[in-house]
Structures are given as structure tokens and as C-alpha cells.
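Reader: I am new to this structure. Could you pick one part of it and take me through that part closely, in one connected account?

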Amino acid sequence: MHGERMGTDIFVPAGGQGEFWTGERCHITELHNCDQSPEASLALARVEPGVTTQLHRLDGVSERYIVRKGEGMLEVDGLRQELKAGDQAVIPAGAAQRIENTGPGDLEFYCLCVPRFHPASYVNLED
């Protein structure tokens with residue numbers, strides 16, 4: 001019984017999806033988003049130079065950005081802040097947000113969502 005619990009509740013096999021393009025105008029790699037962990041998810045976002053992501057909000061989901069590479073201008077509910085590698089931002093649930101890559105190379109950042117991201121939480125604010 002213990003071995004069965006270990007396999008179904010604790011171990012999460014690789015998803016294998018890899019990086020994909022989103023209508024948000026960025027590339028996403030889902031690192032952790034599964035039924036076994038409804039309390040949080042983790043993704044890696046990649047924004048190409050000169051691109052600004054879609055203005056959006058996440059209903060019921062707060063998000064943390066942890067910048068891994070590059071530089072950008074984050075906007076949260078109209079407040080703008082420059083971010084560079086190592087910087088972090090805490091974005092409250094329901095806040096209007098977008099980020100612009102202001103550097104010469106790709107902007108990469110981790111997106112930690114609490115609770116886990118689900119597509120129904122995403123609201124496009126540009127339409």
C-alpha cells in the first residue's frame with residue numbers, strides 16, 4: 001500500500017510538452033502544473049526582444065515573477081517597474097499585468113502561481 005501511495009501521490013513523471021507559444025505573445029515551458037500539487041504551479045516564460053506580453057489578469061491566482069535572464073519593464077495595475085536578472089515581483093490575484101522585453105536578448109522569468117495556474121483563470125484585458 002505504501003509503494004502505491006508513493007507512485008500516485010508523490011512522484012510526477014515528466015510531461016514532455018516542452019516550450020510552446022501562447023497568444024499572450026510569449027513562449028512558455030510548464031515545469032510543474034499537476035493535480036498532485038493544486039496549491040502551486042511553476043513555468044518558465046520567454047519573451048523575445050521588443051515584445052510586450054498581452055495585458056491580462058489571473059482571477060483567483062497570484063503570481064510571482066523571478067527573472068532568470070534579460071531585462072524588462074513590468075506593469076501591474078498601471079505601476080511600472082524595471083526588472084533585471086535576479087529581480088522578483090509579487091503580482092496579486094486579479095491585478096492587470098504585462099511585461100515588455102526592453103533588452104537586446106530574450107527575457108526569461110519563472111512564473112510561480114498560487115494556487116496553480118489553470119486556463120480558466122486567465123482573462124485577456126486587450127479585447
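**The sheet and the loop beside it**

Author: In this predicted model, 6 strands form an open sheet, and their order is β1-β2-β3-β10-β5-β8. The pairing is antiparallel. Here two strands count as paired if DSSP finds at least two bridges between them. The strands at the edges are β1 and β8, and each of these two pairs on one side only. Strands are DSSP runs of E with at least two residues, helices are runs of H or I with at least four, and both are numbered from the N terminus.

A few conventions are needed to read the rest. Residues are numbered from 1 along each chain as its sequence is written. Because the model is predicted, local features need pLDDT of at least 70 and side-chain atom pairs count only at pLDDT 80 or more, while totals for chains, interfaces and linings use all residues; side-chain values use heavy atoms, with hydrogens and water left out.

The ranges of the strands come next. In the sequence, β1 covers residues 20-22 and β2 covers residues 26-32. β3 takes in residues 41-47. Further along, β5 occupies 62-69 and β10 occupies 107-114. The edge strand β8 runs over residues 88-91.

Now walk across the sheet, starting from the edge strand β1. β1 and β2 run antiparallel and are joined by 3 bridges. Within this pair, tryptophan 21 stands opposite histidine 27 of β2. The two strands form a hairpin with 3 residues between them, and there arginine 25 takes a positive phi near 75°.

On the way to β3, the next pair is β2 with β3, again in the antiparallel sense, over 5 bridges. Here threonine 29 faces leucine 44, a residue of β3.

β3 in turn pairs with β10 in the antiparallel sense, and this pairing has 7 bridges. One position in it can be named: the bridge partner of serine 41 is cysteine 113 in β10.

β10 also pairs with β5, in the antiparallel sense and over 7 bridges. Two positions show how these strands line up. Lysine 69 stands opposite glutamate 108 of β10, and tyrosine 65 has cysteine 111 of β10 as its bridge partner. After β5, the order of the sheet ends with β8.

Between β3 and β4 (56-58) there is a loop, and threonine 53 is found in it. Threonine 53 counts as buried because its relative accessibility is 2%; buried means under 20% relative accessible area, exposed over 50%, and partly exposed in between (1.4 Å probe, protein chains only). Setting aside its neighbours within four places in sequence, threonine 53 is in contact with Glu24, Arg25, Cys26, Val47, Arg98, Ile99 and Glu126; contact means heavy atoms within 4.5 Å. Among these partners is Arg25, the residue with the positive phi in the hairpin of β1 and β2. Another is Val47, a position within the range of β3.

Valine 51 lies in the loop between β3 and β4 as well. With its neighbours within four places in sequence left aside, valine 51 is in contact with Arg25, Ile99, Glu100 and Asn101. Arg25 and Ile99 therefore appear in both lists of partners, that of threonine 53 and that of valine 51, under the contact definition. Valine 51 and aspartate 127 are 76 residues apart in sequence, and their C-alpha atoms are 18 Å apart in space.

To place this part within the whole, the secondary structure of the protein comes to 1 helix and 11 strands. Read along the sequence, the pattern is α-β-β-β-β-β-β-β-β-β-β-β. The C-alpha trace spans about 55 × 30 × 25 Å along its principal axes. The protein has 127 residues, and buried residues make up 35% of them; threonine 53 counts as buried. Of the contacts with a separation of 6 or more, 70% are between residues 24 or more positions apart.
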